[in-house]
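Grab a pencil and work through a few exercises on a ligand site and some helix packing. Try each task before reading its solution.

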Amino acid sequence: MSDQRSSLPLSRTCLITGGASGIGAATARLLATQRFRVIVSDIDFPIGAREEFARQQIETVLCDVTRESDVAAWIEGAARATGRIDCLVHSAGVGLVKPITDVSEAEWDRVLDVNLKGAFLCAKHAIPHLRRAGGGSLVNIASNAGLLPRFHDPVYSISKGAVVALTKTLALCHAPEKIRVNAVCPGPVGDTRMMDADLASAADRERAFRDRLAASPIAHGLGRMIRPDEVAESVAYLLSDATVFVTGCCLTIDGGKSLGVPQTLFGD
Ligand code: NAD
(Lines give C-alpha, C1' and ligand atoms only; values in the text may rest on other atoms or scores of the structure.)
Protein backbone atom coordinates (compact mmCIF):
# COMPACT_ATOMS: atom_id res chain seq x y z
CA MET A 1 0.00 0.00 0.00
CA SER A 2 2.73 2.47 0.92
CA ASP A 3 4.53 1.85 -2.45
CA GLN A 4 1.33 2.61 -4.29
CA ARG A 5 0.73 5.68 -2.12
CA SER A 6 4.17 7.12 -2.71
CA SER A 7 3.54 7.25 -6.46
CA LEU A 8 0.30 9.21 -6.00
CA PRO A 9 -0.02 12.82 -4.82
CA LEU A 10 -1.57 13.20 -1.36
CA SER A 11 -4.93 14.80 -1.90
CA ARG A 12 -6.15 16.31 1.39
CA THR A 13 -4.69 17.19 4.78
CA CYS A 14 -6.34 15.89 7.95
CA LEU A 15 -5.35 16.74 11.51
CA ILE A 16 -6.27 14.36 14.34
CA THR A 17 -6.08 15.04 18.08
CA GLY A 18 -5.59 12.18 20.55
CA GLY A 19 -4.03 10.26 17.68
CA ALA A 20 -1.53 8.23 19.70
CA SER A 21 -3.98 5.44 20.45
CA GLY A 22 -7.46 4.01 20.08
CA ILE A 23 -9.94 5.65 17.72
CA GLY A 24 -7.61 8.53 16.79
CA ALA A 25 -4.78 6.17 15.79
CA ALA A 26 -7.13 3.88 13.83
CA THR A 27 -8.55 6.91 11.99
CA ALA A 28 -5.04 8.13 11.15
CA ARG A 29 -4.07 4.75 9.72
CA LEU A 30 -7.25 4.46 7.66
CA LEU A 31 -7.02 7.99 6.24
CA ALA A 32 -3.36 7.46 5.37
CA THR A 33 -4.43 4.59 3.11
CA GLN A 34 -6.94 6.95 1.46
CA ARG A 35 -4.24 9.39 0.30
CA PHE A 36 -4.81 11.91 3.08
CA ARG A 37 -1.76 13.67 4.44
CA VAL A 38 -2.30 12.94 8.14
CA ILE A 39 -0.83 14.85 11.07
CA VAL A 40 -1.72 13.44 14.47
CA SER A 41 -1.16 15.09 17.82
CA ASP A 42 -1.28 13.86 21.40
CA ILE A 43 0.15 14.66 24.82
CA ASP A 44 2.41 11.62 24.54
CA PHE A 45 3.11 8.71 22.21
CA PRO A 46 3.87 5.17 23.41
CA ILE A 47 7.43 3.94 22.77
CA GLY A 48 7.83 3.10 19.08
CA ALA A 49 4.51 4.66 18.05
CA ARG A 50 6.05 7.70 16.34
CA GLU A 51 8.39 5.48 14.30
CA GLU A 52 5.50 3.22 13.29
CA PHE A 53 3.41 6.23 12.25
CA ALA A 54 6.38 7.59 10.28
CA ARG A 55 6.57 4.31 8.33
CA GLN A 56 2.92 4.92 7.35
CA GLN A 57 3.78 8.51 6.36
CA ILE A 58 1.77 9.84 9.31
CA GLU A 59 3.34 12.87 11.00
CA THR A 60 3.24 13.22 14.80
CA VAL A 61 3.26 16.35 16.96
CA LEU A 62 3.04 16.81 20.74
CA CYS A 63 0.05 19.00 21.59
CA ASP A 64 -2.10 19.36 24.68
CA VAL A 65 -5.60 20.24 23.45
CA THR A 66 -6.38 22.07 26.70
CA ARG A 67 -3.73 24.72 25.89
CA GLU A 68 -4.67 27.25 23.25
CA SER A 69 -1.01 28.03 22.48
CA ASP A 70 -0.36 24.31 21.73
CA VAL A 71 -3.42 23.95 19.50
CA ALA A 72 -2.70 27.16 17.62
CA ALA A 73 0.98 26.22 17.08
CA TRP A 74 0.07 22.70 15.88
CA ILE A 75 -2.54 23.91 13.39
CA GLU A 76 -0.46 26.85 12.14
CA GLY A 77 2.59 24.60 11.77
CA ALA A 78 0.57 22.04 9.82
CA ALA A 79 -0.87 24.75 7.57
CA ARG A 80 2.62 26.11 6.84
CA ALA A 81 3.98 22.63 6.10
CA THR A 82 1.13 21.41 3.91
CA GLY A 83 -0.24 24.61 2.38
CA ARG A 84 -3.82 23.76 3.32
CA ILE A 85 -5.96 22.07 5.95
CA ASP A 86 -9.09 20.27 4.83
CA CYS A 87 -10.25 18.32 7.88
CA LEU A 88 -9.76 17.94 11.60
CA VAL A 89 -10.87 15.10 13.85
CA HIS A 90 -11.01 15.80 17.59
CA SER A 91 -10.51 12.40 19.21
CA ALA A 92 -8.62 13.40 22.37
CA GLY A 93 -10.74 12.52 25.36
CA VAL A 94 -10.69 11.46 28.99
CA GLY A 95 -13.25 9.66 31.12
CA LEU A 96 -14.21 9.96 34.79
CA VAL A 97 -16.23 7.34 36.63
CA LYS A 98 -17.50 9.05 39.81
CA PRO A 99 -20.74 10.33 41.31
CA ILE A 100 -20.98 14.12 41.02
CA THR A 101 -20.67 14.57 44.79
CA ASP A 102 -17.17 13.02 44.70
CA VAL A 103 -15.89 15.04 41.75
CA SER A 104 -13.23 17.64 42.55
CA GLU A 105 -13.09 20.98 40.80
CA ALA A 106 -9.81 19.90 39.16
CA GLU A 107 -11.42 16.68 37.82
CA TRP A 108 -14.39 18.62 36.45
CA ASP A 109 -12.04 21.07 34.75
CA ARG A 110 -9.88 18.32 33.26
CA VAL A 111 -12.78 16.40 31.69
CA LEU A 112 -14.46 19.53 30.33
CA ASP A 113 -11.13 20.97 29.18
CA VAL A 114 -10.00 17.93 27.17
CA ASN A 115 -13.37 16.82 25.79
CA LEU A 116 -15.15 20.16 25.22
CA LYS A 117 -12.64 23.02 25.34
CA GLY A 118 -10.34 20.92 23.12
CA ALA A 119 -13.11 20.70 20.51
CA PHE A 120 -13.68 24.46 20.77
CA LEU A 121 -9.98 25.32 20.39
CA CYS A 122 -9.58 22.98 17.42
CA ALA A 123 -12.62 24.49 15.70
CA LYS A 124 -11.51 28.03 16.48
CA HIS A 125 -8.07 27.57 14.95
CA ALA A 126 -8.95 25.17 12.11
CA ILE A 127 -11.99 26.99 10.69
CA PRO A 128 -10.02 29.94 9.21
CA HIS A 129 -7.89 27.40 7.28
CA LEU A 130 -10.92 25.39 6.11
CA ARG A 131 -12.46 28.67 4.97
CA ARG A 132 -9.28 29.51 3.04
CA ALA A 133 -9.40 26.05 1.40
CA GLY A 134 -12.94 26.79 0.17
CA GLY A 135 -14.60 24.46 2.66
CA GLY A 136 -13.77 21.48 4.81
CA SER A 137 -14.88 19.18 7.53
CA LEU A 138 -14.63 18.76 11.30
CA VAL A 139 -15.53 15.52 13.08
CA ASN A 140 -15.76 15.29 16.86
CA ILE A 141 -15.59 11.94 18.61
CA ALA A 142 -18.48 12.36 21.04
CA SER A 143 -20.13 9.32 22.69
CA ASN A 144 -23.44 7.62 23.25
CA ALA A 145 -23.06 9.27 26.67
CA GLY A 146 -23.63 12.57 24.88
CA LEU A 147 -27.04 11.40 23.65
CA LEU A 148 -28.37 9.76 26.80
CA PRO A 149 -26.88 10.56 30.22
CA ARG A 150 -25.28 7.66 32.04
CA PHE A 151 -25.47 6.76 35.70
CA HIS A 152 -21.82 5.90 36.35
CA ASP A 153 -19.97 8.81 34.71
CA PRO A 154 -22.08 11.98 34.90
CA VAL A 155 -19.28 14.50 34.22
CA TYR A 156 -18.21 12.57 31.12
CA SER A 157 -21.87 12.49 29.95
CA ILE A 158 -22.15 16.25 30.51
CA SER A 159 -18.96 16.90 28.52
CA LYS A 160 -20.07 14.72 25.61
CA GLY A 161 -23.58 16.22 25.61
CA ALA A 162 -21.90 19.59 25.24
CA VAL A 163 -19.75 18.25 22.37
CA VAL A 164 -22.96 17.21 20.60
CA ALA A 165 -24.36 20.74 21.14
CA LEU A 166 -21.10 22.32 19.92
CA THR A 167 -21.15 20.09 16.82
CA LYS A 168 -24.70 21.07 15.85
CA THR A 169 -24.19 24.75 16.62
CA LEU A 170 -20.98 25.04 14.59
CA ALA A 171 -22.57 23.04 11.77
CA LEU A 172 -25.31 25.67 11.57
CA CYS A 173 -22.93 28.62 11.84
CA HIS A 174 -20.45 27.44 9.19
CA ALA A 175 -22.62 25.63 6.63
CA PRO A 176 -22.71 28.76 4.41
CA GLU A 177 -18.90 28.49 4.14
CA LYS A 178 -19.13 24.83 3.06
CA ILE A 179 -17.60 23.79 6.37
CA ARG A 180 -19.29 20.65 7.65
CA VAL A 181 -19.25 19.74 11.34
CA ASN A 182 -20.29 16.25 12.39
CA ALA A 183 -19.75 13.88 15.29
CA VAL A 184 -19.72 10.18 15.91
CA CYS A 185 -21.22 8.74 19.09
CA PRO A 186 -19.64 5.36 19.78
CA GLY A 187 -20.72 2.82 22.37
CA PRO A 188 -18.13 0.60 24.10
CA VAL A 189 -14.92 0.56 22.03
CA GLY A 190 -12.31 -2.05 22.97
CA ASP A 191 -8.54 -1.81 22.34
CA THR A 192 -8.48 1.78 23.61
CA ARG A 193 -6.60 3.20 26.56
CA MET A 194 -9.88 4.63 27.83
CA MET A 195 -11.68 1.27 27.90
CA ASP A 196 -8.61 -0.51 29.31
CA ALA A 197 -8.52 2.00 32.20
CA ASP A 198 -12.27 1.75 32.70
CA LEU A 199 -12.16 -2.06 32.99
CA ALA A 200 -8.99 -2.00 35.10
CA SER A 201 -10.70 0.26 37.65
CA ALA A 202 -13.66 -2.10 38.09
CA ALA A 203 -13.77 -4.35 41.16
CA ASP A 204 -14.61 -7.31 38.90
CA ARG A 205 -13.10 -6.83 35.43
CA GLU A 206 -14.91 -9.76 33.77
CA ARG A 207 -18.24 -8.63 35.14
CA ALA A 208 -17.59 -5.03 34.01
CA PHE A 209 -16.78 -6.32 30.52
CA ARG A 210 -19.98 -8.40 30.41
CA ASP A 211 -22.04 -5.43 31.70
CA ARG A 212 -20.73 -3.20 28.91
CA LEU A 213 -21.63 -5.79 26.30
CA ALA A 214 -25.06 -6.30 27.86
CA ALA A 215 -25.88 -2.60 27.47
CA SER A 216 -25.30 -2.71 23.70
CA PRO A 217 -27.54 -5.27 21.94
CA ILE A 218 -25.23 -5.78 18.95
CA ALA A 219 -22.12 -5.99 21.16
CA HIS A 220 -23.98 -8.56 23.25
CA GLY A 221 -25.02 -10.49 20.15
CA LEU A 222 -21.51 -10.49 18.69
CA GLY A 223 -19.83 -11.12 22.05
CA ARG A 224 -17.36 -8.28 21.54
CA MET A 225 -16.93 -4.54 21.79
CA ILE A 226 -16.73 -2.15 18.86
CA ARG A 227 -13.26 -1.98 17.27
CA PRO A 228 -11.47 1.37 16.80
CA ASP A 229 -11.17 0.70 13.05
CA GLU A 230 -14.96 0.34 12.85
CA VAL A 231 -15.37 3.84 14.30
CA ALA A 232 -12.64 5.08 11.94
CA GLU A 233 -14.67 3.88 8.93
CA SER A 234 -17.57 6.12 9.98
CA VAL A 235 -15.24 9.09 10.52
CA ALA A 236 -13.79 8.57 7.03
CA TYR A 237 -17.32 8.41 5.64
CA LEU A 238 -18.24 11.73 7.29
CA LEU A 239 -15.06 13.31 5.88
CA SER A 240 -15.68 11.99 2.39
CA ASP A 241 -17.43 13.60 -0.56
CA ALA A 242 -20.17 10.96 -0.16
CA THR A 243 -21.50 13.10 2.70
CA VAL A 244 -21.16 16.54 1.14
CA PHE A 245 -24.67 17.51 2.33
CA VAL A 246 -24.31 15.95 5.78
CA THR A 247 -23.67 18.42 8.59
CA GLY A 248 -24.72 18.57 12.23
CA CYS A 249 -25.06 14.79 12.19
CA CYS A 250 -24.19 12.84 15.36
CA LEU A 251 -23.77 9.36 13.97
CA THR A 252 -24.49 6.69 16.56
CA ILE A 253 -22.14 3.68 16.49
CA ASP A 254 -23.26 1.89 19.62
CA GLY A 255 -24.97 -1.32 18.57
CA GLY A 256 -28.34 0.03 19.71
CA LYS A 257 -27.15 1.07 23.17
CA SER A 258 -28.86 4.47 23.10
CA LEU A 259 -32.17 3.20 21.70
CA GLY A 260 -33.69 2.21 25.03
CA VAL A 261 -33.49 -0.46 27.72
CA PRO A 262 -32.23 -3.63 26.01
CA GLN A 263 -33.63 -7.09 26.56
CA THR A 264 -30.47 -8.02 28.52
CA LEU A 265 -31.08 -5.28 31.12
CA PHE A 266 -34.85 -5.59 31.39
CA GLY A 267 -36.16 -5.79 34.92
CA ASP A 268 -39.20 -4.65 36.87
P1 NAD B 1 -7.79 6.44 24.11
O2 NAD B 1 -7.57 6.73 25.55
O3 NAD B 1 -7.08 5.28 23.50
O4 NAD B 1 -7.48 7.76 23.23
C5 NAD B 1 -7.64 9.04 23.75
C6 NAD B 1 -6.37 9.82 23.46
O7 NAD B 1 -6.55 11.17 23.92
C8 NAD B 1 -5.14 9.25 24.21
O9 NAD B 1 -4.11 8.92 23.28
C10 NAD B 1 -4.72 10.39 25.14
O11 NAD B 1 -3.33 10.49 25.34
C12 NAD B 1 -5.29 11.60 24.40
N13 NAD B 1 -5.42 12.77 25.27
C14 NAD B 1 -5.87 12.82 26.55
N15 NAD B 1 -5.76 14.07 27.04
C16 NAD B 1 -5.23 14.82 26.04
C17 NAD B 1 -4.87 16.18 25.94
N18 NAD B 1 -5.02 17.04 26.99
N19 NAD B 1 -4.37 16.64 24.77
C20 NAD B 1 -4.19 15.79 23.73
N21 NAD B 1 -4.51 14.46 23.77
C22 NAD B 1 -5.01 14.00 24.92
O23 NAD B 1 -9.35 6.23 24.01
P24 NAD B 1 -10.33 6.28 22.75
O25 NAD B 1 -11.46 5.41 23.10
O26 NAD B 1 -9.62 6.06 21.47
O27 NAD B 1 -10.84 7.78 22.86
C28 NAD B 1 -11.01 8.58 21.71
C29 NAD B 1 -12.32 9.35 21.84
O30 NAD B 1 -13.40 8.42 21.76
C31 NAD B 1 -12.47 10.08 23.17
O32 NAD B 1 -12.99 11.37 22.93
C33 NAD B 1 -13.48 9.24 23.92
O34 NAD B 1 -14.22 10.02 24.83
C35 NAD B 1 -14.33 8.72 22.78
N36 NAD B 1 -15.11 7.52 23.06
C37 NAD B 1 -14.50 6.37 23.50
C38 NAD B 1 -15.28 5.24 23.75
C39 NAD B 1 -14.68 3.95 24.25
O40 NAD B 1 -15.44 3.07 24.65
N41 NAD B 1 -13.37 3.78 24.22
C42 NAD B 1 -16.67 5.29 23.54
C43 NAD B 1 -17.24 6.47 23.10
C44 NAD B 1 -16.45 7.58 22.85
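Below are four short exercises, each with a worked solution.

Before you start: this is a predicted model, where local features need pLDDT of at least 70, side-chain atom pairs count only at pLDDT 80 or more, and totals for chains, interfaces and linings use all residues. Residues are numbered from 1 along each chain as its sequence is written, and side-chain values use heavy atoms, with hydrogens and water left out.

**Exercise 1. Find which residues come nearest to the ligand, and sort the shell by residue class.**

Step 1: count a residue as near if one of its heavy atoms lies within 4 Å of the molecule. Of the 28 residues around the ligand, the nearest are S21, I23, D42, Y156 and V189.

Step 2: sort the shell, with Ala, Val, Leu, Ile, Met, Phe, Trp, Tyr, Cys and Pro as nonpolar, Asp, Glu, Lys and Arg as charged, and the others, Gly among them, as polar. You get 15 nonpolar, nine polar and four charged residues.

Step 3: look at the helices, taken as DSSP runs (H or I, at least four residues) numbered from the N terminus. At least two shell residues come from each of α2 (22–33), α6 (154–174) and α7 (193–200); α7 gives the most, with three.

**Exercise 2. Track down polar contacts of the ligand (pairs of N or O atoms within 3.5 Å).**

Step 1: start at I23, where a polar backbone atom sits 2.7 Å from an oxygen atom of the ligand.

Step 2: go to D64, whose side chain has an N or O atom 2.9 Å from a nitrogen atom of the ligand.

Step 3: check G93, with a polar backbone atom 3.4 Å from a ligand oxygen atom. As for cover, the protein hides 94% of the 820 Å² of accessible area that the ligand has on its own (Shrake-Rupley method, 1.4 Å probe).

**Exercise 3. Describe how helix α5 (residues 105–132) packs on α6.**

Step 1: fit axes to C-alpha atoms over the stretch in contact, with angles from 0 to 180 degrees between N-to-C directions. The angle is about 15 degrees, and the axes are 9 Å apart.

Step 2: α5 and α6 are therefore roughly parallel (angles under 35 degrees).

**Exercise 4. What is the angle between α2 and helix α10 (residues 228–239)?**

Step 1: the two pack at about 55 degrees, with their axes 8 Å apart.

Step 2: that makes α2 oblique to α10 (outside under 35, over 145 and 65 to 115 degrees).

Key: A polar contact is a pair of N or O atoms within 3.5 Å; within protein, one must be able to donate a hydrogen and the other to accept it, and residues adjacent in sequence count only if both atoms are side-chain atoms.
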